[in-house]
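Colleague: Please pick one part of this model and walk me through it closely. I'd like to know what sits around it and how it is held in place in the fold.

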Amino acid sequence: MRTIDKRISPPAKLAASLVARAPTLTLAYDARCKSRLAATLDTGEEVALVMPRGTVLADGDVLVADDGALVRIVAAAEAVLVVRAPDTLTLTRAAYHLGNRHTPVEIGAGYLKLEADPVLEAMLTRVGAQVERATAPFHPEAGAYGGGHRHGHDATFAEDYALAQQVFAQRHGHGEHEHEDGHGHGHGHAHAHGHHHGHDHDHGHDHCDHDHDHPHHSNHKH
């Protein structure tokens, strides 16, 4: 399994023909937030995505695999809500309430876009916004303080940790010590209580995770 562990920034440094020929990796927003991910290229090849903690991949990003090959990120179409309003005040009020709930939001000219959520849809309708369900790529605004984080105690934690251990073992063998304290405490604790509790609460929505896993690798020699 190839490992993808670098991002070229900016991609403009590369020849357009190279980027055009690169295989693509299509990911929804939630997956583009993960720094540890077992993924499948659009060619069908399985790969391990191992990016620096806090990385949020965007449509068009160019990544480099451990063999030097390029991979291009494509933002997947997903279920979203497109929010418009009859006046600026109402749209601003909608944005305020979404921000108060730590909800990732894409901000466009005259619209807001967020991941589909029936609780938020009802709230936005109550404040007078017009909400349309759609299927489209989602490109939320980057956090002004570096983005939120999700604690690594959810369902994906064990899977992410196992992948990190596997990749470390493959690439470093059993003789090296690489201490990686994955805290990355860029706090602003947006504690995630999940999208689907059915409660209209103020702290209910996961941000891009900074993967608070702690791969203190078990393959050290004793």
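**A close look at strand S9**

Modeller: Let's start at one end of the hairpin, where Gly108 stands opposite Tyr111 in S9. Keep in mind that this is a predicted model, with pLDDT of at least 70 needed for local features and 80 or more for side-chain atom pairs, while totals for chains, interfaces and linings use all residues. Residues are numbered from 1 along each chain as its sequence is written, and side-chain values use heavy atoms, leaving out hydrogens and water.

The names come from DSSP: helices (H or I, at least four residues) and strands (E, at least two) are its runs, numbered from the N terminus. S8 and S9 make a hairpin with 2 residues between them, and Gly110 in that turn has a positive phi of about 85 degrees. S8 covers residues 106-108 and pairs with S9 in the antiparallel sense over 3 bridges; two strands count as paired if DSSP finds at least two bridges between them. S9 is also antiparallel to S7 (residues 77-84), over 4 bridges, and there Val83 has Leu112 in S9 as its bridge partner.

Stepping back, the open sheet has 4 strands in the order S8-S9-S7-S10, with antiparallel pairing. S8 and S10 (130-137) are its edge strands, each pairing on one side only. From one strand to the next, the twist averages 30 degrees. Helix H3 (residues 88-100) packs on this sheet, touching S7 and S9, and its direction makes about 25 degrees with that of S9. Contact here means heavy atoms within 4.5 Å. For angles, axes are lines fitted to C-alpha atoms (for helices, over the stretch in contact), and values run from 0 to 180 degrees between N-to-C directions. Helix H4 (residues 118-126) lies across S7, S9 and S10, at about 140 degrees to S10.

So how shielded is the strand? Of the 5 residues of S9 (residues 111-115), 4 are buried, so the strand is largely enclosed by the rest of the structure. Buried is under 20% relative accessible area, exposed is over 50%, and partly exposed lies in between (1.4 Å probe, protein chains only).

There's a charged pair here too. Glu106 stands opposite Lys113 in S9, and their side chains meet in a salt bridge at 3.6 Å, N to O. That term means a side-chain nitrogen of Lys or Arg within 4 Å of a carboxyl oxygen of Asp or Glu. Both Glu106 and Lys113 are buried.
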